[in-house]
Amino acid sequence: MVSKRFVLKRLLLLIPVLFGVGTLVFAILQSAPGNPCRIILGQRASSQQIQQCVTDLGLNDPIWVQYVRFLGEAATFEFGDSYQIAKGTPVREVLADKLPVTIELALFGQAMGIFVGIPLGILSAVKQDTLTDQATRIGALSGISVPIYWSGPILILLLSTYLGVFPTSGRIGSTIFLDNQWYPFTILGPDRFLPAPWIGSITVAGVTLPFVEIVQLTAETPAPLTGMVTIDTLILGRFDAFGSAVHHLFLPAAVIGIYSTALISRMMRSSMLEVVRQDYMRTARAKGQGAKITVMKHGFQNALIPVITVIGIQFGSLLGGAVLTETVFGIGGIGTMLVSAIGATDYPLVQGTVLTFALLFTLVNLGVDITYSYLDPRIQQ
């Protein structure tokens with residue numbers, strides 16, 4: 001059982017981390033060369049227009065005023081409008097559109113790493129120094145050594161171009177179109193009503209708070225799509241589209257999952273080898289317990305703690321490493337957009353993207369800490 005005090009302490013520790021990241025991002029972008037107003041208005045803008053833009057954006061204000069304003073806007077996720085990449089569009093809308101694409105890709109890659117890497121690591125440990133162990137170790141070493149910019153094109157060439165098993169790019173079949181209609185109404189008919197829990201909002205003392213209410217859904221009620229094509233196709237009941245989405249996502253997820261699988265399997269093997277030599281494992285075997293039950297019942301949970309650390313750190317790396325994968329497979333996620341924003345000196349978009357990445361990374365590490373305390377309650381002390 002995880003104590004509320006432990007979770008609260010970890011949540012409070014997120015504040016200085018995010019504050020430090022925000023300060024660093026602000027300092028880097030302030031020291032970057034170029035005038036943002038020149039970028040917004042173009043090279044042909046007059047000096048009067050430039051000066052008016054500088055005044056409107058508050059760039060003439062003292063640096064500490066700009067800093068405080070930046071922190072206040074970052075705390076409310078108000079990063080202004082994009083200068084170049086999505087000109088005039090609020091950064092929050094751009095992130096809401098692009099972020100689910102990268103998160104979905106990272107989740108698929110991480111899931112592949114977990115469901116393949118952990119069993120391989122356990123198998124390699126319990127069969128130490130056998131042919132299975134040697135093959136697993138060679139495979140893991142190869143997976144860690146192969147960079148994404150090499151494995152991506154090679155897999156496309158082999159599995160897509162020569163064998164034609166997987167598509168080369170995209171997130172879903174080009175002939176599939178998703179309408180925004182709830183799946184139950186395609187069965188029950190468009191004239192039916194369905195009660196469903198819905199997240200509403202209520203304002204108390206000027207503060208808007210979410211709460212759950214029961215509403216009557218109709219066929220015209222727009223489905224709460226997430227931007228993740230695999231989840232959205234399930235919400236809409238389009239199982240043919242779901243199959244197409246999984247088919248399209250498998251290869252890019254495999255590319256970023258290769259490194260994750262290799263790292264997790266090596267860590268799992270090392271941790272399991274250390275655990276199986278413990279006295280309590282020998283005691284369990286001496287009492288007549290089977291080898292498989294001993295490993296899975298007494299060894300797996302204890303060996304999992306360092307692996308959880310790797311999984312948490314690895315997920316943050318997958319979010320950043322998705323840049324190359326998105327570029328190779330033509331998937332328009334947040335990684336590709338960040339590279340374009342840096343090249344176009346789109347400061348609001350860069351700020352919003354980096355801080356969003358930082359928030360996600362800290363939340364993942366919070367999840368890792370909570371998982372730690374669940375697996376070993378002594379960590380809470």
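These are my notebook entries on the two largest pockets of this predicted model.

**Entry 1: the largest pocket**

I looked up the volume of the largest pocket and found about 640 Å³. I then listed its lining, which comes to 25 residues. Closest to the centre of this pocket are L57, L59, Y83, P348 and Q351.

Next I checked which helices contribute. I noted at least two lining residues from each of α1 (4-31), α2 (36-41), α3 (47-57), α4 (63-75) and α14 (347-375). The top contributor to this lining is α4, with four residues.

I sorted the lining of the largest pocket by class. I counted twelve nonpolar residues, seven polar and six charged.

**Entry 2: the second largest pocket**

I went on to the second largest pocket, which has a volume of about 300 Å³. I wrote down its lining in chain order: I15, L18, F19 and G22, then L71, A74, A75, F77 and F79, and finally L355 and L359.

I asked which elements give two or more residues here, and found α1, α4 and α14. In this pocket α1 has the largest share of the lining, at four residues.

By class, I found ten nonpolar residues and one polar residue in this lining. I found no charged residues in it.

**Entry 3: the two side by side**

I set the class counts next to each other. Six charged residues line the largest pocket, whereas the second largest pocket has none. I also noted that α1, α4 and α14 appear among the helices supplying at least two residues to the largest pocket, and that these three are the elements giving two or more to the second largest.

Notes. Residues are numbered from 1 along each chain as its sequence is written. This is a predicted model: local features need pLDDT of at least 70, side-chain atom pairs count only at pLDDT 80 or more; totals for chains, interfaces and linings use all residues. Side-chain values use heavy atoms; hydrogens and water are left out. On a 1 Å grid over the protein atoms alone, a cavity is a set of points where a 1.4 Å probe fits but cannot get out, and a pocket is an open set with protein on both sides within 12 Å along at least five of seven lines; lining residues have an atom within 4 Å of a point. Grid points are joined across faces, edges and corners, and a volume is the space filled by probe spheres set on the points. Ala, Val, Leu, Ile, Met, Phe, Trp, Tyr, Cys and Pro count as nonpolar, Asp, Glu, Lys and Arg as charged, and the others, Gly among them, as polar.
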